[in-house]
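Dear colleague,

Please find below the structure I wished to pass on to you. My notes on what was found in it follow.

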Amino acid sequence: MMIEQKKLLVFDFDGTIANTPIIAMRIVNELSEEFGFREISAEEFGSLKEKKIPEIKKLTGISWWRVPILINRAREQFKFHIKDVPPVEEMQDVISTLHDRGYQLGILTSNTKEAVKSFLNLHKIDHIEFIKASKSLFGKGKDLKKIRKKNGFKKSEVVMIGDEVRDIKAAREADVDAVAVTWGFHSRKTLEKEAPSYTVISPQDLLSLFPP
């Protein structure tokens, strides 16, 4: 199985390149007292993969209007934990190989550009040509459109690679293909409900999708 004619591969960061779930749970619990919700157990955090936003709100008890504030605080805290976040196994080699095959590689993230740069430098992950930090949690679609147009690619030449439902939705909004990866935050079952163009279960599968 291969995707042909792709030139620009846009990766999500958290859960796709960086193995962040455990650190994310730690950060959320560090902020629980400040935002007035109880700490979440590892079992509960794992179950969030199958829950929708209203269910997550019910579990934490946090008010909807405070969610953007919580996200911004979590982004700030992530900077202090960046050294504890490992890359997804094999992703460093896969990114290097894709670069050698002639693909342009970028990152579209809800994290901060500063944190992503620190992570890439720390783990010596080269060949990422741009990092776009999306200001809105659900604004990736618009940003993906801007990235495609800025770099002068046709819709058929761009693909979004991510581990969450919102990555698939962003690709759909930008009218480009989506590759869902199953090693991140959302499960394969949850991802495939959104009908991504392709689903992969390991980083090495990306090399089969994107040939030399």
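In what follows, a surface patch is made of residues that have over 30% relative accessible area and no salt bridge, with like charges joined within 9 Å. Please bear in mind throughout that this is a predicted model.

By that definition, there is a positive surface patch composed of Lys113, Lys117, Lys132, Lys135, Lys142, Lys145, Lys146, Lys149 and Lys150. Two elements, α7 (113-122) and α8 (140-151), each give two or more residues to this patch. Helix α8 provides the largest share, with 5 residues. One of the patch members, Lys113, is placed in helix α7. Its relative accessible area is 40%, so Lys113 ranks as partly exposed; that class lies between the limits of under 20% for buried and over 50% for exposed.

Turning to the aromatic side chains, the structure contains 2 aromatic pairs. In one of them, the ring centres of Phe13 and Phe119 are 5.1 Å apart; because the planes of these rings stand at 85 degrees, the pair is edge-to-face, a label that applies to angles over 60. This pair connects distant parts of the chain: Phe13 belongs to the loop between β1 (8-11) and α1 (21-30), while Phe119 is in helix α7, and 106 residues separate them. With a relative accessible area of 0%, Phe13 is buried. Phe119 likewise counts as buried, at 0% relative accessibility. Helix α7 therefore holds both the partly exposed Lys113 and the buried Phe119.

The other pair is formed by Tyr103 and Phe210, whose ring centres lie 5.8 Å apart; their planes are at 70 degrees, so this pair too is edge-to-face. Distant parts of the chain are again linked, with Tyr103 in the loop between α6 (91-100) and β2 (104-109) and Phe210 in the segment after α11 (203-209), 107 residues apart. Tyr103 and Phe210 are both buried.

A last item concerns helix α5, which spans residues 67-81 and includes Leu70. Is Leu70 buried or exposed? Leu70 counts as buried, because its relative accessibility is 15% and the limit for that class is under 20%. The C-alpha atom of Leu70 is separated by 9.3 Å from that of Glu34, and the two residues are 36 apart along the chain.

With kind regards

Notes: Residues are numbered from 1 along each chain as its sequence is written. This is a predicted model: local features need pLDDT of at least 70, side-chain atom pairs count only at pLDDT 80 or more; totals for chains, interfaces and linings use all residues. Side-chain values use heavy atoms; hydrogens and water are left out. Patches are made of residues with over 30% relative accessible area and no salt bridge: like charges are joined within 9 Å, nonpolar side chains (Val, Leu, Ile, Met, Phe, Trp, Tyr) within 5 Å. Accessible areas come from the Shrake-Rupley method with a 1.4 Å probe; for residues, only the protein chains shown count as cover. A salt bridge is a side-chain nitrogen of Lys or Arg within 4 Å of a carboxyl oxygen of Asp or Glu. Lys and Arg count as positive and Asp and Glu as negative; His and the chain ends are not counted. The place of a charge is taken as NZ of Lys, CZ of Arg, CG of Asp or CD of Glu. Helices (H or I, at least four residues) and strands (E, at least two) are DSSP runs, numbered from the N terminus. Buried means under 20% relative accessible area, exposed over 50%, partly exposed in between (1.4 Å probe, protein chains only). Rings of Phe, Tyr and Trp (its six-membered ring) pair if their centres lie within 6.5 Å; planes under 30 degrees apart count as stacked, over 60 as edge-to-face and the rest as tilted.
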